[in-house]
Amino acid sequence: MWLSGALASQLGDAVLSFGLGWAASAHGGVVAGLVLSAVSLPRTILLLVGGAVGDRVGARRVMIVGDSVMLVVAVAVAITANWVGTPPVLLIVAALIIGTNGAFYVPSQGSMPRLLVTGDQLVRALALRQSGTQLVSMVGAPLGGVLAAFAGLPAAAGADALTFAIVLVVLIRIRPRFAPGPLDERKHLLPEAAEGVRLALTTAAVRSALLLVAGAAGLILPFASILIPQLARDHAWNPSFAGVLVGAQSVGTITSTLHVSKRGAGARPGLVGLVALVGTGAGQLTVALSTPLPLTIAGAFLAGAGTGVFVSSLSPIMLSAAPVGYVARVQALLTLVQSAALLVTNNALGSLAHAVGPGAAIVVSACALVGCAIVGLASAPIRHLAPVTLQPGQGRGHDESL
């Protein structure tokens with residue numbers, strides 16, 4: 001029930017995000033850049049505080065408040081845009097609220113699966129969420145484009161409001177099975193956020209998985225967003241074939257995550273994830289070096305399949321290795337370090353593709369992914385740890401109802 005509501009909300013967010021970007025582009029590049037920055041800047045600055053709030057008051061409560069706020073904002077944007085159009089001030093104010101809300105919402109949303117299921121069920125649940133997220137990313141932007149083309153920003157905001165209403169009803173109805181107990185010592189939010197960072201740095205399993213997932217994300221995500229389009233231009237492929245490669249990668253991810261959601265990742269998900277990461281590197285290498293187009297498509301599929309198994313295997317270790325009262329803070333830190341890694345690798349791989357060619361840049365990315373897997377194999381926590389199994393009610397220390 002929660003996953004259905006969460007995916008509906010993500011679809012609405014994708015539609016509204018496209019609608020805001022499209023409306024902002026009508027005012028020129030400067031306004032479009034300001035709108036994007038208004039979303040990302042408060043989300044980045046407040047992310048660790050948002051994780052501390054999620055652990056203090058409960059992920060479900062934070063998400064209920066966040067969805068309520070965004071329901072009001074989406075309705076207000078729809079009504080205002082229908083009345084006065086899309087002036088830059090409306091777009092920037094809406095983006096600031098969305099970014100600020102996201103800083104508190106994202107860590108709690110990331111921690112919710114740990115509060116609902118555990119053990120091998122956690123592996124399967126996260127795999128199912130990953131496949132759903134991939135499907136949403138494939139259809140969200142096109143759906144947003146259709147709504148923006150035929151009805152403008154009011155329709156996109158109205159659709160987002162509907163999805164927030166759906167997830168709000170879901171959150172009110174469900175009750176987490178594994179709620180954290182009260183904090184031993186109530187502190188200010190900043191010290192509590194710092195405590196989450198300290199725990200991640202001093203807990204071997206959390207630290208190892210955090211660094212590995214962040215490093216892998218920094219090498220996997222630019223492959224589709226930067227390197228495949230550059231490679232297509234370098235080989236004089238038409239844009240539609242570049243889209244086919246990105247689509248093949250997404251299909252590979254969906255296929256593998258659905259398989260994990262049905263079968264699980266086995267008793268050693270860390271080891272399975274590391275082997276899958278090697279497969280991701282092999283897929284990228286195939287795309288970089290292949291001449292026959294069917295083999296290139298197969299390489300993109302393999303890269304996506306490896307990514308799906310890697311994420312589905314390592315994410316449960318991240319969630320289960322952290323104490324239940326720190327899960328939202330660890331999720332906030334994971335999001336932050338992935339963003340920092342992408343800030344470096346997007347520019348580094350883009351510059352490398354410009355200097356020596358996209359094919360060489362993909363080879364470097366693939367070799368770096370294999371290097372990450374080798375480093376992971378040297379880490380005992382990654383090799384041996386499996387998700388912790390809790391019994392329903394274990395860790396429950398406060399009432400999660402409103």
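Read along the sequence, the chain of this predicted model follows the pattern α-α-α-α-α-α-α-α-α-α-α-α-α-α. That gives 14 helices and zero strands. The radius of gyration is 21 Å, close to the 21 Å that the globule rule gives for 402 residues, so the chain is as compact as a globular protein of that length. Along its principal axes, the C-alpha trace spans about 60 × 60 × 35 Å.

Of the 402 residues in the chain, 51% are buried. The accessible surface comes to about 17000 Å², and carbon and sulfur atoms account for 70% of that area. Contacts often bridge long stretches of sequence: among those between residues at least 6 apart, 88% join residues at least 24 apart.

The chain carries 21 positive and 12 negative charges, and the mean positions of the two sets lie 7 Å apart. Side chains of opposite charge can pair when their charged atoms come close. In this structure there are three salt bridges, listed below.

| Salt bridge | Closest N to O distance |
|---|---|
| Arg329 and Asp55 | 2.7 Å |
| Glu192 and Arg56 | 2.8 Å |
| Arg198 and Glu195 | 2.8 Å |

The salt bridge between Arg329 and Asp55 links distant parts of the chain, with Arg329 in helix α12 (residues 327-356), Asp55 in helix α2 (residues 29-57), and the two positions 274 residues apart. Both Arg329 and Asp55 are buried.

Helix α2 also contributes Arg56, whose partner Glu192 sits in helix α7 (residues 189-202). This pair, too, links distant parts of the chain, the two residues being 136 apart in sequence. Glu192 has a relative accessibility of 2%, so it counts as buried. Arg56 has a relative accessible area of 23% and is therefore partly exposed, since the buried class ends at 20%.

The salt bridge between Arg198 and Glu195 lies within a single helix. Because Arg198 and Glu195 are three residues apart in helix α7, they are separated by about one helical turn. Glu195, with a relative accessible area of 18%, is buried, whereas Arg198, at 40%, is partly exposed.

Taken by helix, α2 holds Asp55, which pairs with Arg329 of α12, and Arg56, which pairs with Glu192 of α7. Helix α7 also holds the pair of Arg198 and Glu195.

Methods: Residues numbered from 1 in each chain as written. Predicted model: local features only at pLDDT ≥ 70, side-chain atom pairs only at ≥ 80, totals over all residues. Heavy atoms only, no water. Helix = DSSP H or I, 4+ residues; strand = E, 2+ residues; numbered from the N terminus. Rg over C-alpha atoms; globule rule 2.2 N^0.38 Å. Buried < 20%, exposed > 50% of the residue type's maximum accessible area, 1.4 Å probe, protein only. Contact = heavy atoms within 4.5 Å. Areas by Shrake-Rupley, 256 points an atom, 1.4 Å probe, with all protein chains shown as cover. Lys, Arg positive; Asp, Glu negative; His and termini not counted. Charge placed at Lys NZ, Arg CZ, Asp CG, Glu CD. Salt bridge = Lys/Arg side-chain N within 4 Å of Asp/Glu carboxyl O.
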